[in-house]
Structure formats: C-alpha cells, structure tokens
Amino acid sequence: MGTLFPDEKSENPNGVQQLHHQNDVDAGALFVLKSEGSWMHCGYHLTTSIVAPTLLSLPYAFTFLGWTAGILSLVIGALVTFYSYNLISRVLEHYAQNGKRQLRFRDMARDILGPRWGRYFVGPIQFVVCFGCVVACTLLGGQCMKAIYLLSNPNGTMKLYQFVIIFGCFMLILAQIPSFHSLRHINLVSLILSLAYSVCATAGSSYIGESSKGPEKDYSLKGDTENHLFGIFNAIAIIATAYGNGIIPEIQATLAPPVKGKMFKGLCICYFVLIVTFFSVSVSGYWAFGNKSEGLILSNFVDNGNPLVPTWFIYMTNIFTITQLSAVGVVYLQTTNEVLEQTFGDPKSPEFSKRNVIPRVISRSVAITISTIIAAMLPFFGDINSLIGAFGFIPLDFILPMIFYNFTFKPSKRSSIYWLNVTIAVAFSALGAIAAVAAVRQIVLDAKSYRLFANV
C-alpha cells in the first residue's frame, strides 16, 4: 500500500507537482486526490456527499420515531456529525503541520491506530460503504426514471432493471472524469439541485397536506412493541446514512495547501444547506403523510397511479433528483477510483499517457458495470440504506473521529473533551450494533418478497 508523507515545506500551490517527484507517491494520490481546491470547492464536495436524495427517506424514519424523537434525532445527528467532521479535520491539519499530510481514511487509521487497522478494518469498510453508495444511487436513479415513465405511460412494459441500466450508462460516462477536484463545478450544480428538489418535496408535501387529496393524518407509531423497537433502530440507521459522509479525509485532500481552517468554512456551507433541506423535508413530509410516509417521500405524491400534484411538478422533481444522484454517485466512486488508480496506474508516467488512460478507462468501466448489475439484481433501496448506515457510516463518522482525536492529541482524562469523545464513541458503538441487527432483521423479514431483477 503506497504512502504519502510530503514535507511541510511543500505545502504550497505547487504541492501536487512536487509530489510527483517523491519516490513513495502512488498514482491514486497523485491523479485522483489532487490538492488544488479552495474551501468553497470543499464545501461543494461536502454538500454533494451529505445532502443527497437519502434525505427524502427522513419522513419515513419519523414514522418509527414520532415528532419528538424524530426532530431530536435530526438535531443530535447534525450536532454530532458537525463536531465529528471538525475533529477529523483538526487531526488532518495536525499531521499536515508536522510534515505528514494524510490523504485517505485508511492512512489516518494506519498512522494513528496501526497498519492492521488501516488495511483490514477502515480501508475495507470505507470501500464497501462508498461502493454501496454508488450501487444505491444507481438503483434510486433507475427508480426515479421508472416513476417518470409510468406517469407518462401507465401501461408501459419497461422493467426497473432496464432503467437501472440506462442510469448506469450515464454513470459510465461520468466515471471517466479524472480526479476528485475535477468534480468541483458538477458539485456546485449538485448543491443547487439538492436545494431544488428539497423545495419541491417540501412544497408538494405542504400542498397535499393542505388539500383533501392526501391521506388522513395519523401520527401514531406503527407496529407492535417488538416491531416498533426494531423500527426505532432502523430509523436511526436511516438518519445516520443521511448524515453520513465517510470520505472527509479524501475531501480535505483536495484542498490546496496550507489547509488550516479551510475545512471548517466548507463544513459551514454544507451544514447551512443541510439544515435547510433536512428539516424542511422531514417536517413537511411527516406532517402531510404521517405514518403513511413512504421510504421515498416522492412516492407519496402518487396514489394508486393518480398524481396528487400536477404531473409536470412530479417530472421536474424527479429530474432534479436523478441529475443530483449522478453527481452523488460519482463523488462516492472516487474512493474506488483512487484504489484502482493506485493498483493499475503508473505515477512515473504522465496522467493522460496511454499507460495510465487505458487501464483507467477499463477499470472504472468495470467498476460501474459491476455496481449497475448489483443495483439491477437487488432493487431494495430502503434495506440497503439501513445496512450501509449501520455497518459503515456509524463507525466511520460517529466513532472513529473521536478515537482519532483522543489518540492524536491525548487530552487529559480529566478534561471534558476527552469524556465527551468517549461518551459519543461508546453510545454510537452500541447504537450501531443494535441498528445493524435491526437492519439485518428487516432484510430477513423482507426476504420472502426478494427476487433477482424484481420490478419493484
């Protein structure tokens, strides 16, 4: 596994070019994680990776939690993740100032906890989570395309897997964008789109809730005691997925040196958009549909094939969602691209030489093909959502940042920050374990309806 330890003096705008001459630099760091971005670019990347269409599942999470616990969970999630991501940023800045700039999550685990943690725990978990997000984006993109198709052609015969393949072909093109930094303009558009479909979801829910078209409002919690209990932890996994990122070090790696303070500004952009979108969609969706909120709130806009809002409005909202999904998918593909580039690329050859372009195109195309096949075969977005949150985002975003900070800065055991970090890590370790059990249980319960390439 290649490592990258640039000297602190090389933290200048020409840092990437200087890195090319180091013996231990790998092609993944050199070509995919180019350190050329500004704090605003960082804000665009952060917003795309967090404020994604998974937020449209938040009203569904409220059906298991109710008003008070639902809103409280959103507030706690926002506070803990904002704090957590700033802790990771501070650790990364600390190492950069000491001449050991870390560009990847597994680099942090290796240097802070030991090589085995990076190679056998953090690296694999992050890879599976990020690739799982690519699969989920491809699946959801196909579902949104199918929704548009059925509205315009109710008796249409095209199947879900066909739309998944169409979306996968679009992702195949975007996957060839060479570096994370190259996505900055796409991710600015993605930020605008996330606001656009959130406004549409909020307006649509409010319109239906005010009219006589919507269902009778019922906010009672669903299921018996056992199902309700597991539902709570399933909802926590959904919320963790919505707030999850899993690629903070890779995003910070795109910043041009010196990096100090830039990540905090980027996070402020992200969390402004996050608060506006998460809370408006959650509150309006649950208010309008109560415990009948679907796994994707846009599904509530159609009742037995009859649109409850103007058809053009549903088209527009789905198009915004589909377009942003492609940006989210390609952002989470960057960790896969980095691993592929590190494996097959040659840092001593130019980035766009035949030696690097041919394996890059082939390996990325194979990765997208695999993700598209998985999405077409296993079209169960809600269950995938919960599982990713429980097994991936909770450890990466709610637990490891606290451990990294305490190991790096070694705060006094009498200090409040030490015990705050320990409390958060222990609490979310327990929540993550229970949420994982709940997510697996839900898959087992739903397994009887699972069919490969199902047209759901």
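**Figure 1. Phe64 and its ring partner in helix α4.** Phe64 is buried, with a relative accessible area of 11%. This and every other view comes from a predicted model. The structure holds 18 aromatic pairs. In one of them, Tyr60 and Phe64 meet edge-to-face, with 5.2 Å between centres and 85° between planes. Both residues belong to helix α4, where they stand 4 residues apart, about one turn of the helix. An α-helix has 3.6 residues a turn, so residues three or four places apart point the same way. Tyr60 is partly exposed, at a relative accessible area of 23%.

**Figure 2. Tyr418 and Trp419, an edge-to-face pair.** The ring planes of Tyr418 and Trp419 stand at 90°, with centres 5.2 Å apart, so this pair is edge-to-face. Tyr418 is buried, with a relative accessible area of 17%. Trp419 is partly exposed, at 46%.

**Figure 3. An aromatic cluster.** Four residues make up one aromatic cluster: Phe62, Trp67, Tyr219 and Tyr286.

**Figure 4. Val91 and its surroundings.** Val91 sits in helix α4, which runs over residues 58–97. Its relative accessibility is 0%, so Val91 counts as buried. What does Val91 touch, leaving aside neighbours within four places in sequence? The contacts are Met108, Ile112, Phe404, Tyr405, Thr408 and Phe409. Gln102 lies 11 residues from Val91 along the chain, and their C-alpha atoms are separated by 9.4 Å.

**Figure 5. Two charges over rings.** The charged end of Arg90 sits over the ring of Phe409, 5.4 Å from the ring centre. Phe409 is also one of the contacts of Val91. In a second case, Lys217 lies over the face of Trp287, and the distance to the ring centre is 4.8 Å.

**Figure 6. Helix α12 and its kink.** Helix α12 covers residues 311–344. Its 34 residues should span 50 Å at 1.5 Å a residue, and the end C-alpha atoms are 47 Å apart, so the two values agree. Where is the kink in α12 centred? The centre is Gln334, and the kink is about 35°. The helix is mostly covered, with 24 of its 34 residues buried.

**Figure 7. A cis peptide bond at Pro258.** The peptide bond from Pro257 to Pro258 is cis, and its omega is near -5°. Pro258 lies in the loop between α10 (248–253) and α11 (262–289).

**Figure 8. Positive phi at Lys410.** Lys410 is not a glycine, yet its phi is positive, at about 45°. The residue lies in the loop between α14 (381–409) and α15 (416–446). Is Lys410 buried or exposed? Lys410 is exposed, with a relative accessible area of 63%.

**Figure 9. Cysteines without disulfides.** A disulfide is a covalent bond between the sulfur atoms of two cysteines. The structure holds 0 disulfides. Why is Cys133 not bonded to Cys130? Cys130 has the closest cysteine sulfur to that of Cys133, but the separation is 6.1 Å, too far for a bond. The cut-off for a disulfide is sulfur atoms within 2.5 Å. Cys133 is buried, at a relative accessible area of 10%. Cys169 is in no disulfide either, with its nearest cysteine sulfur, that of Cys137, 16 Å away. At 43% relative accessibility, Cys169 counts as partly exposed.

**Figure 10. Ser284 in helix α11.** Ser284 is placed in helix α11. It counts as buried, with 9% relative accessibility. Which residues does Ser284 touch, not counting those up to four places away in sequence? They are Ala201, Thr202, Ser205 and Ser206.

**Figure 11. Ile236 and Ala438.** Ile236 is found in helix α9, residues 225–243. At 18% relative accessibility, Ile236 counts as buried, because the limit for buried is under 20%. In sequence, Ile236 and Ala438 are 202 residues apart. In space, their C-alpha atoms are 9.9 Å apart.

Methods:
Residues numbered from 1 in each chain as written. Predicted model: local features only at pLDDT ≥ 70, side-chain atom pairs only at ≥ 80, totals over all residues. Heavy atoms only, no water. Helix = DSSP H or I, 4+ residues; strand = E, 2+ residues; numbered from the N terminus. Buried < 20%, exposed > 50% of the residue type's maximum accessible area, 1.4 Å probe, protein only. Contact = heavy atoms within 4.5 Å. Expected span 1.5 Å × (residues − 1). Bend = angle between axes of the 7 residues up to and from the residue. Phe/Tyr/Trp six-rings, centres within 6.5 Å; stacked < 30°, edge-to-face > 60°. Lys NZ or Arg CZ within 6 Å of the ring centre and 35° of its normal.
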